[in-house]
Amino acid sequence: MKNTGKRYFNMEVEPLLNSPKMREIQEMKLRDAVKYLYRTCPFDRKRMDDAGIQPEDVRSFDDFSAIPVAGQAQYRQVFEETGGDLFAAYDVLFGKERMKDIHMLTTTSGTTGTPTPYPVFHKSVEAMGELFGRIGWRIGIRPGDRLAIGFGLSMHAAGTPHLYWFKNLRGLTLLPIGAEVGSERLLTLIKLFQANVLSCTPSLAQYLIERSPVVLGHAVKDLGIKLILCGAEPGAGIPEVRRHLESRFGAQVFDGGAGYGVSCHHPDYQGMHWIADDHCYYELVDPETGKPVPMEHGATGLAVFTPLEPDCAIFFANLRFTLNDIHQVFTEPCPCGLTGFRYKIVGRADDMLKVKGVPVYPAAIQGVINGFLPRVTGAFRIVLKVPPPRVLPPLEMRVEHGEGMQEGDLPGLEQEIGDKMHALLKIRPKITWLSPNTLERSVKKTNFFDKDYEQGSG
Ligand SMILES: [Zn+2]
């Protein structure tokens with residue numbers, strides 16, 4: 001039980017996160033990372049050659065930002081050029097040198113088309129133990145705890161890597177159960193093995209609340225889970241969802257993912273603390289122009305990642321790679337007192353709308369709507385009269401009101417929702433009310449849009 005009281009898992013690095021000293025370390029590492037990737041990685045070399053940049057040209061962050069950002073679309077192009085031979089594509093994307101050392105490949109779950117590869121090189125295993133040691137320690141995992149892995153274990157980028165992530169948290173016991181077994185077996189095994197930490201998607205955690213009385217004959221709270229580490233989808237960052245999970249489980253809920261970060265113990269959600277400055281360079285760029293967005297308190301942009309030690313990269317293995325997520329960053333110290341700038345996921349770049357030139361993300365609208373449960377069901381659509389991203393103001397929405405709402409209550413509710421959206425998102429939508437369960441529910445990706453422009457002008 002030694003070191004139980006220390007502040008950080010890594011007392012040498014973590015106090016330096018988000019500091020000028022760390023920026024110096026990053027700039028130095030970045031120069032070497034660029035040289036390494038230019039030498040070994042055909043994909044990155046071509047991107048630099050196309051932009052007319054040689055490794056020795058990159059001396060500062062500014063020089064570096066001239067390399068164009070790449071994402072899933074550029075990966076897809078390589079898969080096409082290599083005729084669907086996955087490993088020919090990986091040789092191009094990651095380079096033969098690192099592919100000789102490939103230890104594990106995982107991917108995103110359930111998406112269509114070519115899956116995004118999340119490579120783990122043999123040398124990455126140590127780095128994983130380090131970074132997730134930091135995350136685990138921050139959320140309060142301690143010797144003697146037992147962690148039930150409730151993410152998918154079949155090729156899932158958040159599942160199987162757990163076996164390495166927490167290797168350096170000595171005294172923690174892992175229970176690799178996996179989401180695939182279904183809620184009944186998951187609950188039974190959590191109880192049998194007396195897990196007190198659970199990692200899973202927020203939607204699975206919500207489902208376990210409903211299933212526990214049926215499967216185990218008691219409330220989920222009686223399992224004695226003290227911590228839940230959520231990820232792979234938004235939810236744990238939405239105050240209402242988080243409160244619901246915390247009260248029903250009697251546990252603290254943490255939000256992790258979309259990079260190397262985790263939320264903190266502060267009672268109000270403060271975003272996720274980025275804990276990997278020494279391992280991965282984080283930038284924001286404008287999603288439309290690709291120009292750098294300064295890392296200032298409250299800034300919003302497309303999150304872009306570059307491994308600073310590419311031979312032990314985890315997941316992000318290329319220069320300036322994006323998952324297409326829009327983040328907002330908070331660089332001022334967190335009231336919780338822990339280091340690391342913070343980021344919140346605002347939405348997906350490909351879902352972005354523009355209302356009178358102001359970017360608006362459907363996920364942010366969803367966050368506001370969910371704040372009005374149970375007066376709404378949470379189901380809604382944004383009506384698009386012209387192809388996105390442009391929206392002719394006012395933004396129109398179809399929203400399901402909750403069960404038991406009276407006709408006469410709806411104008412007042414529309415006013416309240418409008419006020420909240422205006423304060424947070426600078427828009428005031430026009431709402432058409434629908435009865436509960438009018439809109440089709442999707443099991444996979446939430447459909448935010450009614451594309452009225454596809455049905456002509458009517
Ligand atoms: Zn904090």
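Biologist: What covers the buried residues of helix H11?
Modeller: This is a predicted model. The buried residues of H11 (residues 239-249) are Val241, Arg242, Leu245 and Phe249. They span an arc of only 95 degrees around the axis, so they sit on the same side of H11. Their cover includes strand S5 (197-200), helix H10 (202-215), strand S6 (227-230) and strand S7 (252-255).

Biologist: Which residue with a positive phi follows H11?
Modeller: H11 covers residues 239-249. Its follower has a phi near 65 degrees, and that residue is Gly250.

Biologist: Why do the buried residues of helix H9 line one face?
Modeller: H9 runs over residues 183-192, and its buried residues are Ser183, Leu186, Leu187, Leu189 and Ile190. An α-helix has 3.6 residues a turn, so residues three or four places apart point the same way. On the other side of H9, Glu184 and Leu192 are exposed. The buried residues line one face because, seen down the axis of H9, they fall within an arc of 170 degrees.

Biologist: What covers the buried residues of H9?
Modeller: Start with the buried residues, which include Leu186 and Ile190. Their cover includes strand S3 (146-149), S5 and H10.

Biologist: Where does the largest nonpolar core lie, in terms of domains?
Modeller: The core has 77 residues, and Phe64, Phe94, Ile141, Phe166, Tyr260, Trp274 and Tyr282 touch the most other members. Helix H7 (residues 124-139) gives the largest share, 7 residues. Both domain 1 (14-125 + 274-350) and domain 2 (140-256) contribute residues, so the core lies between domain 1 and domain 2.

Biologist: Which residues does Phe166 touch, leaving out those up to four places away in sequence?
Modeller: Phe166 is one of the core residues that touch the most other members. Leaving out those sequence neighbours, its partners are Phe132, Gly136, Ile141, Leu147, Leu172, Leu174 and Leu229.

Biologist: Which element gives the most to the lining of the second largest pocket?
Modeller: This pocket has a volume of about 390 Å³. Its lining has 19 residues, with Arg23, Tyr281, Tyr282, Glu283 and Met295 nearest the centre. Helix H1 (20-40), helix H3 (61-64), strand S10 (280-285) and strand S11 (292-293) each supply at least two residues. The top contributor, with 4 residues, is S10.

Biologist: How many Å apart are the C-alpha centres of domain 1 and domain 3?
Modeller: The chain is divided into domain 1, domain 2 and domain 3 (352-455). In the contact between domain 1 and domain 3, 9 residues of domain 1 meet 6 residues of domain 3. The distance between their C-alpha centres is 34 Å.

Technical notes: Residues are numbered from 1 along each chain as its sequence is written. This is a predicted model: local features need pLDDT of at least 70, side-chain atom pairs count only at pLDDT 80 or more; totals for chains, interfaces and linings use all residues. Side-chain values use heavy atoms; hydrogens and water are left out. A nonpolar core is a set of buried Ala, Val, Leu, Ile, Met, Phe, Trp, Tyr and Cys residues joined through side-chain atoms within 4.5 Å. Buried means under 20% relative accessible area, exposed over 50%, partly exposed in between (1.4 Å probe, protein chains only). Domain bounds come from an automatic or database domain assignment. Contact means heavy atoms within 4.5 Å. The arc is that of the directions from the helix axis to the C-beta atoms. On a 1 Å grid over the protein atoms alone, a cavity is a set of points where a 1.4 Å probe fits but cannot get out, and a pocket is an open set with protein on both sides within 12 Å along at least five of seven lines; lining residues have an atom within 4 Å of a point. Grid points are joined across faces, edges and corners, and a volume is the space filled by probe spheres set on the points.
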